[in-house]
Amino acid sequence: DSMENEGRLTNMSSTILSNDIQVSYLKLEQLDQAELYVSNVTIPDNINIGDVFNVTVKVESNIKTSATLTLYEGKTKKLSKHIEVQNGSNTFLFQDQQAEGGLKNYRVTIEPIEDTITVNNEFVAFTNAVAPAKFLLIEGIGGESSEYVKLLKACNVDYDVVTPELAPGNMVKLCGYKAVILMNVNADKLSEGFMNIIESYVKDY
């Protein structure tokens with residue numbers, strides 16, 4: 001229809017001329033119609049269970065109007081708010097958190113007072129909710145990991161502290177930890193099961 005959507009045709013003029021490209025178009029009569037749409041919804045690719053995260057919504061409009069913006073997770077309505085949309089690009093923010101892991105889909109809908117085409121008034125985005133990273137501290141002497149514990153607490157990182165004898169002896173349990181920290185641990189005190197899997201844990205996981 002010869003109408004620009006994104007970018008500018010004039011920026012391509014030199015390429016068109018240098019490559020001797022023939023451009024044809026049909027000029028259609030355009031009516032000034034009220035139009036807005038949800039152009040994008042941004043969510044982190046991965047979120048930790050229990051953490052609060054942002055859902056950023058982009059709305060494009062050629063008018064100034066009022067609207068209702070609603071956030072759904074799957075079929076569940078999470079949040080809704082009245083917004084004032086300005087002519088041009090608009091950004092709105094929701095916040096949410098997940099209590100369970102897995103792939104989550106979020107849908108945002110907008111219901112404006114004025115609009116022409118309604119099929120572009122929603123947008124879907126996905127995120128993956130995962131358990132937060134957990135560290136394992138193995139300390140050879142009781143209480144020796146206290147400074148590491150303070151650091152992990154300050155970073156809001158979950159952790160377990162065990163003696164060498166209680167170190168996990170199978171890969172399933174060990175892989176429940178993002179990292180393993182050994183504090184002055186004598187190898188002779190570690191279980192045979194732990195010693196058999198620790199190299200594979202470091203290399204493969």
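In this predicted model, the side chains of E147 and K150 meet in a salt bridge, with 3.4 Å from N to O. The two residues are three apart in helix α2 (residues 146-154), which means that about one helical turn separates them. Both E147 and K150 are exposed. The briefing below covers further salt bridges, two open sheets, two buried residues and a nonpolar surface patch.

**Salt bridges**

- The count of salt bridges in the model comes to six.
- Side chains of opposite charge can pair when their charged atoms come close.
- E122 and R107 form one such bridge, their closest N and O atoms lying 3.7 Å apart. This pair links distant parts of the chain, since E122 belongs to strand β8 and R107 to strand β7, 15 residues apart.
- E122 is partly exposed at a relative accessible area of 42%, and R107 also counts as partly exposed, at 23%.
- D160 forms a salt bridge with K134, and here the closest N and O atoms are 3.1 Å apart. Because D160 lies in strand β10 and K134 in strand β9 (residues 134-139), the pair ties together parts that are 26 residues apart in sequence.
- D160 has a relative accessible area of 24% and is therefore partly exposed; K134, at 25%, is partly exposed as well.

**The five-stranded sheet**

- Five strands make up an open sheet of mixed pairing, ordered β2-β8-β7-β4-β5. Its edge strands are β2 (46-48) and β5 (76-85), each of which pairs on one side only. Direction ignored, neighbouring strands of this sheet are turned by 30° against each other on average.
- Strands β4 (residues 65-73) and β7 (residues 102-112) pair in the antiparallel sense over seven bridges. Within this pairing, T68 stands opposite E111 of β7, and Y72 has R107 of β7 as its bridge partner.
- Strands β7 and β8 also run antiparallel and are joined by eight bridges. The bridge partner of G102 in β8 is A129.
- R107 thus appears twice in this description: as the bridge partner of Y72 and in the salt bridge with E122.

**The three-stranded sheet**

- Three strands form an open antiparallel sheet in the order β1-β3-β6. Strands β1 (36-42) and β6 (88-97) stand at the edges with a single partner strand each, so one side of each has no neighbour in the sheet. From one strand to the next, the twist averages 25°.
- Strand β3 (residues 52-61) and β6 run antiparallel and are joined by ten bridges. V57 has F92 as its bridge partner in β6.

**Buried residues**

- T65, a residue of strand β4, counts as buried because its relative accessibility is 5%, against a cut-off of under 20%. Leaving aside residues up to four places away in sequence, T65 touches L36, I83, E84, V85, P112, I113 and E114.
- P164 lies in the loop between β10 (158-162) and α3 (171-174). At 3% relative accessibility, this proline counts as buried. Residues up to four places away not counted, its contacts are I138, E139, G140, V185, K189, L190 and S191.
- The C-alpha atoms of P164 and L17 are separated by 74 Å, the two residues being 147 apart along the chain.

**Surface patch**

- L103, V124 and F126 form a nonpolar patch on the surface, together offering about 320 Å² of accessible area.
- Of these residues, F126 is placed in strand β8 (residues 122-130).

Technical notes: Residues numbered from 1 in each chain as written. Predicted model: local features only at pLDDT ≥ 70, side-chain atom pairs only at ≥ 80, totals over all residues. Heavy atoms only, no water. Patch = residues over 30% accessible without salt bridge, like charges linked within 9 Å, V, L, I, M, F, W, Y side chains within 5 Å. Areas by Shrake-Rupley, 256 points an atom, 1.4 Å probe, with all protein chains shown as cover. Salt bridge = Lys/Arg side-chain N within 4 Å of Asp/Glu carboxyl O. Helix = DSSP H or I, 4+ residues; strand = E, 2+ residues; numbered from the N terminus. Pairing = 2+ DSSP bridges. Axes fitted to C-alpha atoms, helices over the stretch in contact; angles between N-to-C directions. Buried < 20%, exposed > 50% of the residue type's maximum accessible area, 1.4 Å probe, protein only. Contact = heavy atoms within 4.5 Å.
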